[in-house]
Structure formats: C-alpha cells, structure tokens
Amino acid sequence: MTPFSKARTALAALREDLSGDVFAPWDPGYDGARSVFNALIDRRPAVIARCAHEADVVRAVRFGRDLDLNIAVRGGGHSLAGMGVNDAGLVVDLRPMHAVTVDPAAEAARIGGGATTGHLDRATGPYGLATTGARVSTTGVAGCVLGGGSGWLERCCGPAADNLLGVELVTADGERTHANPDENPDLFRALHGAGGNFGVATALTLKLYEVPRFSVALVVCPPRFGAELTRAFRDVVESGPLRASGAVRWFTGRPAAFVPEPAAASPPGSPGGRLWCGALLAYAGDVRELRGLAEPLLALPHEVGTVTALPYAGLQRMFDVPPGLRCHWSAEYLTGVPDRFVEVFCARARSMPPQTGTEHLLFPVGGAVTDGPAGRPLPYRGARWAVHPFAVWRDPAHDERCVRWVRDARADAEPWSTGAAPLNLIGDEGPQRVRAGLGAGSMRRLGELKRRHDPDNVFRFNHNIKPL
C-alpha cells in the first residue's frame with residue numbers, strides 16, 4: 001500500500017470511528033475549524049479531529065501516531081503562538097468536551113478538556129462557588145490551569161494550578177491515565193505549570209471556594225492623572241485584604257466602556273478615541289466593604305467612578321476580546337512597583353499605537369501565590385506584581401509597530417523583573433523564556449519525566465520540554 005493509500009484509508013476509518021466531526025482541507029467547515037483566536041496565526045492542518053469524548057481522543061492520537069503526523073491539541077484556542085494548530089499535521093480539537101460537573105458538597109468541579117473559563121464560571125456561580133480562572137471568559141481552562149493560571153482570585157485562592165486535584169490524560173501512546181496526589185504523583189506535580197507536555201488533558205478536577213458575593217470599583221482618569229491613579233491603586237491593594245485584586249489598565253476608546261453595562265457600545269480598548277487610565281479594584285466580598293477600600297481612588301479627578309456588585313462571571317466577561325483580531329502580548333513578573341516604575345509604565349502607555357485596541361496592564365500577585373506549596377514548576381512565587389502589555393489590532397499595516405511596542409514595554413520592566421516568565425501570558429519567546437517560566441532547577445526533572453511519558457516529544461506544540 002502506498003503512503004497516500006494508507007493515509008486515505010486511515011482517514012476514512014477515523015471518520016467512521018469518531019463520534020465527533022473530522023475535517024480535511026476539502027471539507028465544508030474546515031476553515032472555521034482551523035481558525036484560532038489570534039488572526040496572525042494562519043495554519044492549515046492535514047486533519048482536524050473534533051473529539052466528543054475521551055475515546056475519540058484516544059482514537060485521534062493513535063491515528064496521528066500511525067501516520068507519523070505532528071499533533072497539536074486545541075482547547076480554548078487562545079494561545080498567542082497558536083499552539084493549538086499546526087501545518088500539515090493533526091489537530092486534536094477538544095471543544096465539544098466542555099461539560100462542567102459541580103460537586104458543591106466537596107467544593108470541587110470536574111471540567112472537560114475543551115471547557116472555557118466561561119463554561120466553568122457559569123456552572124459554579126449558582127452554587128456561590130468559584131476558583132481562579134483566566135481573566136477573560138474565552139480562555140480554555142485546561143491550558144490556563146496546566147500553564148500555572150493567573151487570574152483575579154489568585155491572591156486569595158492561589159493560582160489555578162494550585163487548585164488542581166486531578167487530571168485525566170491520554171498519553172503519547174494513546175493510552176488513558178490519571179494523575180493526582182496518589183496516582184502518578186511525579187506527573188501530577190509536573191502538571192502544575194508544565195502545560196500540555198505530557199499528554200492530552202481530557203478532564204481536570206479543581207478545588208472550589210465560597211465566593212457568594214463579588215463587587216468591583218472602576219475609576220477612569222485622563223492621562224495626566226494616570227501616575228496618581230496607579231500609585232493609589234498600588235497602595236490600596238498592598239495595604240488591603242487578599243480578597244482585593246484587579247488591575248490598572250491604560251486603553252483608548254470611550255471612558256464609559258470601562259463600566260460593565262450590557263448597553264455599552266464597545267469594549268474597553270476599542271480602536272479610536274482618547275487615551276485613558278482606568279483602575280479596576282476587584283473584591284471577593286460585599287460592595288459595602290469595597291466602598292471603603294476604593295475611597296483613595298475615587299478621591300482623584302475622574303471621568304468615571306463607580307462601585308457596584310457584580311457576579312464573578314460578569315467580571316470574567318468584562319474584558320473579553322472577540323476572536324479574529326491580530327494580537328501580540330507579553331508579560332513580566334515584578335519584585336514591586338516603586339514610583340520610578342510607575343513613571344516608566346505610564347510613559348510607555350502614552351506611546352501606545354493609535355487606532356488599535358492596544359492596552360497596558362499592571363496587576364497584583366502575592367498573597368496565596370507566594371504562600372503556595374513548593375516543589376512545583378511555578379518559579380514566580382515571590383512576584384508581587386505583573387505587567388502585561390497587550391496589543392490588539394485589525395489592520396496588517398500595524399503589525400510591526402504593535403509587536404515592537406509590546407517588546408519595548410516588556411523591556412521597560414526588566415530592571416524590576418523577578419526573572420520568572422509567566423508562560424500563560426506569553427507566546428513563543430524562545431527556550432530561555434521557557435526555562436524562566438518553569439524554573440531552571442526544574443528543567444532536568446521535567447526533561448526526565450518527559451522521556452518517561454513522551455520520549456518522542458509527540459506533544460511539542462507548547463512551551464516545550466525536551467526529553468532527557
């Protein structure tokens with residue numbers, strides 16, 4: 001049998017066996033199936049296997065191995081570098097596997113490998129429960145958690161990875177396995193930050209917390225008051241309870257777009273309009289308590305100032321960016337936010353490329369992140385803050401300028417950097433940044449574990465760990 005005949009026969013068998021859909025380049029729906037969040041990514045896989053359940057994932061991985069195809073795994077499709085899609089290979093698409101089952105008595109949830117943060121929050125919210133998830137609702141839960149997982153609740157509930165109770169995996173050999181504190185404990189520890197290097201996560205179990213009330217304070221100032229607002233936000237958070245989090249967010253557009261109202265015509269960071277500096281003070285508690293915390297922010301001259309109760313799931317949707325835009329972003333963990341850094345941060349924000357949705361963010365870390373368990377590939381435990389330049393635009397003519405602005409913004413922060421890289425918040429920045437995101441001291445142990453579980457480096461479309 002020729003290689004072509006073998007591939008054609010195998011594809012026909014995959015279509016027959018899979019409960020989900022299979023897309024080849026000539027199939028209707030292929031272009032929609034291969035598109036990802038970042039419009040800069042334009043790749044054409046040979047086959048996309050949209051898996052309906054774990055058995056489909058097993059079948060898809062074995063199909064890819066039999067034909068010696070490169071394998072990418074897609075959950076939310078939110079990776080900046082487009083790690084969930086490849087050229088001329090196989091994409092294992094988990095999006096149909098998005099069920100979330102909540103056990104309120106155990107304060108835990110089982111989440112399908114294709115679920116987004118929105119799926120998770122909508123399931124847990126009715127029980128007054130929540131856990132640390134990504135800062136937008138469209139991010140995949142599995143990628144967020146396995147990559148570390150920074151979010152609005154991390155100061156009081158820890159990063160998402162610290163709330164991981166167990167993972168169901170399909171290995172590079174197409175076998176099913178589990179990882180938890182008692183079963184494959186070495187693998188379980190590695191999954192706290194090492195991403196999809198060790199298999200396809202078909203389901204995760206996460207610890208939940210009681211968050212019956214949530215509230216936000218939002219203040220938007222003209223740029224001339226941006227440094228004052230940034231310093232005030234820093235002081236409020238550092239002296240306040242760990243239930244207080246949020247971000248300083250420079251953006252262009254209408255100031256009212258910073259307020260979470262369904263009637264808002266455009267999201268914060270919409271192209272066009274004036275430059276603004278906004279502060280979001282997010283609080284896992286009652287709005288009456290938040291009003292007192294927010295007084296120093298509201299005392300500054302502002303165009304918008306509001307304190308309101310808001311469901312946690314509402315906050316998660318508040319800064320969603322629609323797919324199909326061109327994106328580039330990065331981040332740096334910081335030892336602190338002294339006044340000199342505030343000046344540099346605000347100066348860079350004033351140089352944001354116009355006519356784009358570019359934003360400049362600064363958010364607190366610390367608290368439960370610092371106090372989390374040791375022995376996991378999360379080298380940013382000591383970080384107090386993080387800076388996150390985030391460029392979004394439509395016109396390819398802005399490509400070079402927006403990418404350069406993000407790189408310059410990250411370089412600004414290097415004098416205050418902890419040296420650890422937030423892998424969830426960066427794209428492909430090279431092997432040194434991967435080491436910085438996993439910890440130099442963890443790399444040999446992770447490489448040896450990779451050799452045991454994936455010696456051929458089948459799962460390489462990620463922040464990759466080479467087998468040792």
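**Exercise 1. A pair of helices**

Work out how α11 and helix α12 (residues 399–412) are oriented, given that they pack at an angle of about 175 degrees with their axes 10 Å apart. Keep in mind that you are looking at a predicted model.

*Solution.*
- Step 1: Start with the cut-off: angles over 145 degrees count as roughly antiparallel.
- Step 2: The angle here is about 175 degrees, so α11 is roughly antiparallel to α12.
- Step 3: Now look at who makes the contact. From α11 come Val344, Arg348 and Ala349, and from α12 come Trp405, Asp408, Ala409 and Asp412.
- Step 4: Sort them by class, and you get four nonpolar, no polar and three charged residues.

**Exercise 2. One helix, two partners**

Find out how helix α8 (residues 226–239) is oriented to helix α9 (residues 287–298), and how α8 is oriented to α11.

*Solution.*
- Step 1: Take α9 to begin with. Its axis is 9 Å from that of α8, and the packing angle is about 155 degrees.
- Step 2: Angles over 145 degrees count as roughly antiparallel, and therefore α8 and α9 get that label.
- Step 3: In this contact, α8 supplies Leu229, Ala232, Phe233 and Val236, while α9 supplies Leu293, Pro296 and Leu297. Their classes are seven nonpolar, no polar and no charged.
- Step 4: Move on to helix α11 (residues 339–349). Its axis and that of α8 come within 10 Å and cross at roughly 135 degrees.
- Step 5: That angle falls outside the ranges for roughly parallel, antiparallel and perpendicular, and the rest count as oblique. So α8 and α11 are oblique to each other.
- Step 6: On the α8 side you'll find Gly226, Ala227, Thr230, Arg231 and Arg234, which meet Asp339, Val342, Phe345 and Cys346 of α11. This contact divides into four nonpolar, two polar and three charged residues.
- Step 7: Check the handedness too: α8 passes α9 in a right-handed crossing, and α8 passes α11 in a right-handed crossing.

**Exercise 3. Edges of a sheet**

Which strands stand at the edges of the open sheet?

*Solution.*
- Step 1: Write down the order of the five strands: β5-β6-β10-β8-β9, with antiparallel pairing.
- Step 2: Read off the edges: β5 (100–103) and β9 (176–179) each have a single partner strand, so one side of each has no neighbour in the sheet.
- Step 3: Add the twist: neighbouring strands are turned by 15 degrees against each other on average, direction ignored.
- Step 4: Zoom in on β5. Four bridges join this strand to β6 (residues 108–112), and Val100 has Ile111 as its bridge partner in β6.
- Step 5: Now see what packs on the sheet. Helix α4 (residues 117–124) touches β5, β6 and β10, and its direction makes about 35 degrees with that of β5.
- Step 6: Helix α3 (residues 54–66) lies across β8 (164–170), β9 and β10 (200–207), at about 50 degrees to β8.

**Exercise 4. Buried or exposed?**

Decide whether Glu16 and Asn457 are buried or exposed.

*Solution.*
- Step 1: Use the cut-offs: under 20% relative accessible area is buried, and over 50% is exposed.
- Step 2: Glu16, in helix α1 (residues 3–17), has a relative accessible area of 66%, so Glu16 is exposed.
- Step 3: Asn457 sits in the segment after α14 (443–453). Its relative accessibility is 9%, so Asn457 counts as buried.
- Step 4: Leaving out residues up to four places away in sequence, Asn457 touches Lys450, Asn464, Ile465, Lys466 and Pro467.

Conventions. Residues are numbered from 1 along each chain as its sequence is written. This is a predicted model: local features need pLDDT of at least 70, side-chain atom pairs count only at pLDDT 80 or more; totals for chains, interfaces and linings use all residues. Side-chain values use heavy atoms; hydrogens and water are left out. Two strands pair if DSSP finds at least two bridges between them. Helices (H or I, at least four residues) and strands (E, at least two) are DSSP runs, numbered from the N terminus. Axes are lines fitted to C-alpha atoms, for helices over the stretch in contact, and angles run from 0 to 180 degrees between N-to-C directions. Contact means heavy atoms within 4.5 Å. Buried means under 20% relative accessible area, exposed over 50%, partly exposed in between (1.4 Å probe, protein chains only). Angles under 35 degrees count as roughly parallel, over 145 as roughly antiparallel, 65 to 115 as roughly perpendicular and the rest as oblique. A crossing is left-handed if the near helix is turned anticlockwise from the far one by less than a right angle, and right-handed if clockwise. Ala, Val, Leu, Ile, Met, Phe, Trp, Tyr, Cys and Pro count as nonpolar, Asp, Glu, Lys and Arg as charged, and the others, Gly among them, as polar.
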